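Please look over the sequence and the model below before reading on. The report then takes up a surface patch and one arginine.

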Amino acid sequence: MANYSKADLIKEVAEDLGFAQVNAKQLVDAVFDKITTHADAGDKVSIAGFGKFEMRDRAARTGRNPRTGDPVEIPASRNLAFKPFKSKS
């Protein structure tokens, strides 16, 4: 399984659209920024045919240190989650 990075995405967008890579980077960054900004504000961001982004809250909990088995307090967190749309193939 190969890794696909943001730099790879920017390069391919630049090639597909005939943009300079600096302009493609601005475009990709703007899209990611808008998704993050709206999801952080509590909106669900749905992109038809692609998927849905939303912020999910995780409560504080007690975990275990895998080395020692001692209890460890894990603080509450907020993370951006993505759920892909199901393809109709």
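What follows describes a nonpolar patch and then the surroundings of arginine 78.

The model is predicted, with local features needing pLDDT of at least 70 and side-chain atom pairs counting only at pLDDT 80 or more, while totals for chains, interfaces and linings use all residues. Residues are numbered from 1 along each chain as its sequence is written, and side-chain values use heavy atoms, with hydrogens and water left out.

Leu17, Phe19, Leu27, Val31 and Phe32 make a nonpolar surface patch of about 430 Å². Such a patch is made of residues with over 30% relative accessible area and no salt bridge (a side-chain nitrogen of Lys or Arg within 4 Å of a carboxyl oxygen of Asp or Glu), and its nonpolar side chains (Val, Leu, Ile, Met, Phe, Trp, Tyr) are joined within 5 Å, whereas like charges are joined within 9 Å. Accessible areas come from the Shrake-Rupley method with a 1.4 Å probe, and for residues only the protein chains shown count as cover.

Helix α2 (residues 21-40) gives the largest share of the patch, three residues, while leucine 17 lies in helix α1 (residues 6-17). Helices (H or I, at least four residues) and strands (E, at least two) are DSSP runs, numbered from the N terminus.

Arginine 78 belongs to strand β5 (residues 77-84). Leaving aside neighbours within four places in sequence, arginine 78 is in contact (heavy atoms within 4.5 Å) with Ala39, Asp40, Met55, Arg56 and Asp57.

The table gives two side-chain polar contacts, each a pair of N or O atoms within 3.5 Å; within protein, one must be able to donate a hydrogen and the other to accept it, and residues adjacent in sequence count only if both atoms are side-chain atoms.

| Side chains | Polar contact |
|---|---|
| arginine 78 and aspartate 40 | 3.0 Å |
| arginine 78 and aspartate 57 | 3.1 Å |
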